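User: Hi! I am new to reading protein models and would like a close look at a single part.
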Amino acid sequence: MNLKKLLYIDRRIIYLVVAIGALIPIIRPIGLPVEPTDPVIGLFDKLESLSPGDAVIISYDYGPSSEPELNPMSSAILRHCFHREIKVLIMAVFPLGGVNMAIREVERITSEFEDLEYGVDYVNLGYKDGGQAAMKALAVSIRDVFPADVDGNDISAMPIINEIRNYDDVEVVISLATGIIGEWWADLVNAQFSVPVAVGCTAVSAPKYYAFLRSGQMIAVLGGLKGASEYEELLRRNFVWARKVYSDPAEMKLAATTGMDVQAIVHVIIIVFIIFGNIMYFATGKEKGR
Amino acid sequence: MRRICLSMLAIMVILVAPHLAYAQDSAPLPVAGLEAFDTPSDDGSSVTLRWEAEGNVPADVMRSTSRSGEYEVVGEAETADGIYRDVTVELGVEYFYALAFMTGDGTVMTEAAGPAAAKSNWFRHGRKNTLVATFVMFALVVIYVTIARRGKELYVRKIAGLNAIDEAVGRATEMGKKIFYIPGIMSLSEIQTIASLSILKYVAKMTAIYGTSIEVPNKDPLVFSAARETVKQAYMEAGKPDQFKEEMVTYLTYDQFAYAASVTAKMVREKPATNFMIGSFFAESLILAETGQAAGAIQIAGTADVTQLPFFVTTCDYTLLGEELYAASAYLSREPVLLGSIKAQDVAKAILMITMATGIVFLAFKTDIIVRLLETR
Amino acid sequence: MRRTIPLVLTFVVGMYPIFAFFVPHASISGVNQWLDRALMIVAAFALPLGVVNLVGMNLTKIKQKREGWPYAIVLLAGLVVMAYFGVIGVITRQHTGFHPTFQMLFDNMVSPLQATMFSLLAFYVASAAYRAFRARNVEATILLVAAIIVMLGRIPFGDMLTGGRMTPLSEWIMNRPNAAAQRGIIIGAALGAASMSIRVILGIERTYLGKSRD
Amino acid sequence: MQPLGLSIGVWVNALLTLCILSFLYKDNPFFRFAESLFAGMSLGYYIGIVTVQTLQPNLIRPLGETFFGNHNYLLLIPMALGIMLYFRYIPRISWLSRIALAVYIGYYVGVLMMQKIHGQVIPQTRDTIMPVTTGGIDALWNLVVIIGVFSVLVYFYFSVEHKGVVGKVSRVGIWFLMISFGASFGYTIMARISLLMGRFSFLVNNWIRPMFGS
C-alpha cells in the first residue's frame, strides 16, 4: 500500500525541506520573540552585581566550527562587560583556532567603544597550550602563565596585570567552550580554586552542564544560539544602548536573534515530520520499523 | 598612578613612624586582627593574609623582610575580602606584612603581622575525602579480584548490546560482507579507548574464527598502533595468525570531521554488514551512525560520553550506556578476575547510595555534616 | 622481562599522578608538570606512524590503478602541500609560527570543509528524529514526548501555543529528570573508569599492550 | 571591488561547501574529490600543528638553546619513548614499543582516575544530598532528582539480577534515561541547525549576494 511508502519516506525529501526552511529566514529575517531563562539570567545577574573595576576572565575555547553559536554569545557578553566598566582578561586554551576567535571578536566589539584602553580595561593574553596545566597555573600567577600578550608585548607593564594577579582577583570565569573544555573549568578551576564559573557552550553540551549548574559548579550555562539570543534579549530589556545595537541591520545579520528564526522554522519542520511519522505508523497498523 | 602615590606615601609614613601611632589613635582602622601565615596545603608558592574587616575600603598590601624595616607595596586588596594571597614570595624567606590605607589624615598602616614564610607542604588537607574514596576504590577492586581468583562464582547480569555482538558478527559472515570497528576518536589517554580495545579483541577473535573480514579505521595514531597489536594478537589466539593482514587496521586522518567524512564515504561505498562504534565520540557520532543506518548496517555502539548517547540510542540497534562500556570489557572476557572488578564497582555504587541516603536523612534533621564531609578542593 | 617491564612501568607511572594529587610539595608537582609535557612529545612522535600508513596505502592504490586511484593523488597532493607549509617555518627558521600560506589554506579550504561536514548534522538530526521518534512502546513514547516538549521549549512558538508554559516545562525537564539521569550516568561511568584505571595500573587489564593475560 | 585573492578564497570556500553538501543526495565524484582533499589536507594541517605547537616549543627549541642547562637533556627520555614506538617494525626488539605505550597509558589512567573521583563522583554525590522536607515545591522536585539518580544507579547494577524490586526500580531508571535522551536530543537539534545556518549564511551573504552586487 502507498501509506507504507510514506512511512519509509526518502531521507532526501526531509533534507530538502530542512534546507528550504533554513534558507528562507536567512534571505528574509522574521524576528520572533525570545524569553530569557534562569541559566542565562544567572550570568547576567552576576555581571550586574559586579562593580566597575572588578575583573572577569573570558576564555575562548572554541574553533571555527562553533562560530555561529558562540560568536553572538561572546559579542553580547563583551558588550555587557565593557558597558559596565568591568575589566576583561581574554585568553584561549582551545588549540584549534580559539585565539583567532578571540582576536576577531575583541577587535570587533572594542571598536564600538571609544574610551577603552588596552592593557587597562582589557587585555588579550592569547593562547596557552597544555590546557589543564595552564588553568591550574593561573591560580598562582597569570603573569607567569602569560608572560606576553597575544601580539608578543610584554604584559608586566600593563596595569591590568598588576591588579589582577590570579584567580583570587577574578570574580567569574566565563568559558565559551566547545567539547570538554567547559567541564574542565568546572571540574578543575571551580572545584580546586572555588572561582565562580559560567559556561557558554554549544547546545550539545548544555544538557550535560545542567548537572554542573545544579551542583553550583557552574553559576550559569548559556546553551547555544538560544542562550545567546536570550542574553541579547536581557540586554535589550535593560539597556538603551543594547536596543540600539540590536536593531542595526548589519549587526542583526550576526546576532543570535536572527538565527532563532531559522531555528524556530526548522524545529517546526522536524516536529511536523515526527507527528506525520507517528500518524503513518499507526495508520499502517504499527508496521515494525527498525 | 595611584599605586605610585600610595607607595611613596607609605614610605614617607614609615620614615615618620611616630606619627603612625598618632594616626592609629585618631582614626579607627577598618581592619583588625591581621595575621600572616604559610598558605596551607600548597606547593610553597604563597603566603596568606587574613583579617577582620569593618566596611570596605581599598588597601595596599605592604611587605618587608624585617619587622621595622622598609615596607614595599606588593599588591592591592579590598578590606571586605578578608583574605589576600601573596604569590610573589620566595620559598622559605620570612616576611612581615601590613595593610596601608588612605584616610583623610594621610596614610595609615596596621601593625605588622608575621613573620611568615612560604613552605612546600606535604599534604593537601582539603582532599582527605578524595584520599579515602581512592583508597576504598583500590581496596574494593583488590578484594573482589582476590575473591574471584580463589574461584568464587560471581554473577553478572546480561548486557543486551554484548549478546548482540555474536549475532552481528554472524550476520556479516552469512552476508559475506565487512565489519567496521570504529574505536572512537580519542587517544589512549582516554580510558574509554582502552575499554574499546579490549572489546575489539573479542570481536577480532570472532572474525578470525568465522573468517569474516574486519576493518578498523583510526583517527589517533597511538590507538592505530595499539589496535593493530590487539587485532594481530586476537588472530594469533584464535589460531589463525596467517589470516591477519595489516590492512585490517588502517589510519585515516587526525581531523575529527575529515575522519568522519572518510569513514562515512567508506560506509556508503563498501556497505558493511555491521558497524561497531565503541569508545569516546563527539559530534561525529551522528554523522557516522546515521550514514551507517542508511547504508543498512546493524550497528552496535558504546560510549560513556553522555552528550552523544542520545544519538547512538536513536540510530543504533544496541548501545552500551556509560558504565556498561567498562563492564563490557570485563564481561566479554568472562575471566573471573575481571568480573571481580565489576562487583567492586557495584559495591562502590552501594556505598555511594548509602552515603546519599544518610545525608538526605541528616539534612531532614538539620545537620549538613555529610555534605560538609564531601566538600572538595 | 619483556612482560614485566611494561607492567612495572605502568604501575609506577600510573601511581605517580595519584600520589601527586595529594602531595602539593614542589618537588612532587614539578615532576608531574614535566610528565605532562613529556607525554605530549611522545604522542607527537606517533603521528608519523599514521602518516606512513596512509601514504603507503594510497601509493599502492595508485600503483595498482585500483578503483578511485585518481582520488588518491588528490589526497596525497593535499597532504604534501599542507604539510610543506606547515613545517617550512620550523625548518628554515624564517617564521616563528606558521607560513602565511598555511593559515590561508586553512581558512579557505580546511575550515569550510570542517564546518560543512559538521553542518550535515542538521539534516541527519532531522532524519534520525523522523525515524526514531515513534510511539512503539512505553520507553519510546517517553523519549518522543520529552524530545517534543524540549524542542517546543526552545522556540517561540511553544510559548505562543501554551500561554508561556512550554519554556518553564522544558527547563524543568532539563533541570530535574534530565539532570538526575545525567548524574546517574556520570557517577556510574566515573566509577567504571576508576575501576578500569585500577585494573590497568595493577596490570590486571592489559589488552592494550597486545599481550593477553597469562 | 574586492581584492582578487579574497574573492578566489570565497569561491573555493563556496565550491568545497557545495561538494560536501552534495553527499546528501548521493555519493558522487565531487564529494569524493572534496573528501579526499579534506583527508589529505587535514592530516597535513596536523603535521604542521604538531611540529610548530608541540615539538618546536617543547623539544626542538629547548634542546637548541641549551642541552645541559635547565635539565633539558631529560627531554631525550620522551624522545626515546617516541622512537621506541617504531621498534614494532623490528621483530627482535618489537616488545620495546610496548614500553612507550605502558608509560603513556599508565600516566593518563592515573590522572583521569583522580579527576573522575575528585571532580565527578564526590561532587555529584554531594549535590544529590538535597533537602526533601523543606522548601515547598522545590522539595518535591529535589525528590524527583534523588529518585532519578538512585534508579539510574540501580539500572547500572551488574551483579544483581533485574527482577522483583530491583527490576522495577531499574525500569524507572530506564524511564529517566529515556527522558534524558529525548530531552538532550531535542535540545541539541538547535546546535546542529546553527551550524547549517552558518554555512548557508556564508553562501548567501558572502558568495551569492556579492555576485549579484547586492
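Where is the place of S194(A)?

Analyst: Happy to help, and please keep in mind that this is a predicted model. S194(A) sits in the loop between α9 (181–193) and β5 (197–201) of chain A. Its backbone is worth a look: phi of S194(A) is near 45°, a positive value in a residue other than glycine. Is S194(A) buried or exposed? The cut-off for exposed is 12 or fewer other C-beta atoms within 10 Å, and S194(A) counts as exposed because it has 11 C-beta neighbours inside 10 Å.

Chain B offers a residue to set beside this one. K271(B) also has a positive phi, near 40°, and is not a glycine. K271(B) lies in the loop between α7 (256–270) and β12 (274–278) of chain B. With 14 other C-beta atoms within 10 Å, K271(B) is partly exposed.

From that loop we can step into a sheet, since β12 is one of the 6 strands of an open sheet in chain B, in the order β11-β10-β9-β12-β13-β14. The pairing in this sheet is parallel. In general, strands of a sheet pair through backbone hydrogen bonds. At the edges of the chain B sheet are β11 (249–251) and β14 (318–321), each of which pairs on one side only. Neighbouring strands are turned by 15° against each other on average, direction ignored. To see one pairing in detail, follow β10 (residues 214–218) of chain B, which is joined to β11(B) by 3 bridges. There, N218(B) stands opposite Y251(B) in β11(B).

Key. Residues are numbered from 1 along each chain as its sequence is written. Chains are lettered from A and ligands numbered from 1 in the order in which they are written. This is a predicted model: local features need pLDDT of at least 70, side-chain atom pairs count only at pLDDT 80 or more; totals for chains, interfaces and linings use all residues. Two strands pair if DSSP finds at least two bridges between them. Helices (H or I, at least four residues) and strands (E, at least two) are DSSP runs, numbered from the N terminus. Axes are lines fitted to C-alpha atoms, for helices over the stretch in contact, and angles run from 0 to 180 degrees between N-to-C directions. A residue is buried if 20 or more other C-beta atoms lie within 10 Å of its own, exposed if 12 or fewer, and partly exposed in between; C-beta atoms are placed from the backbone.
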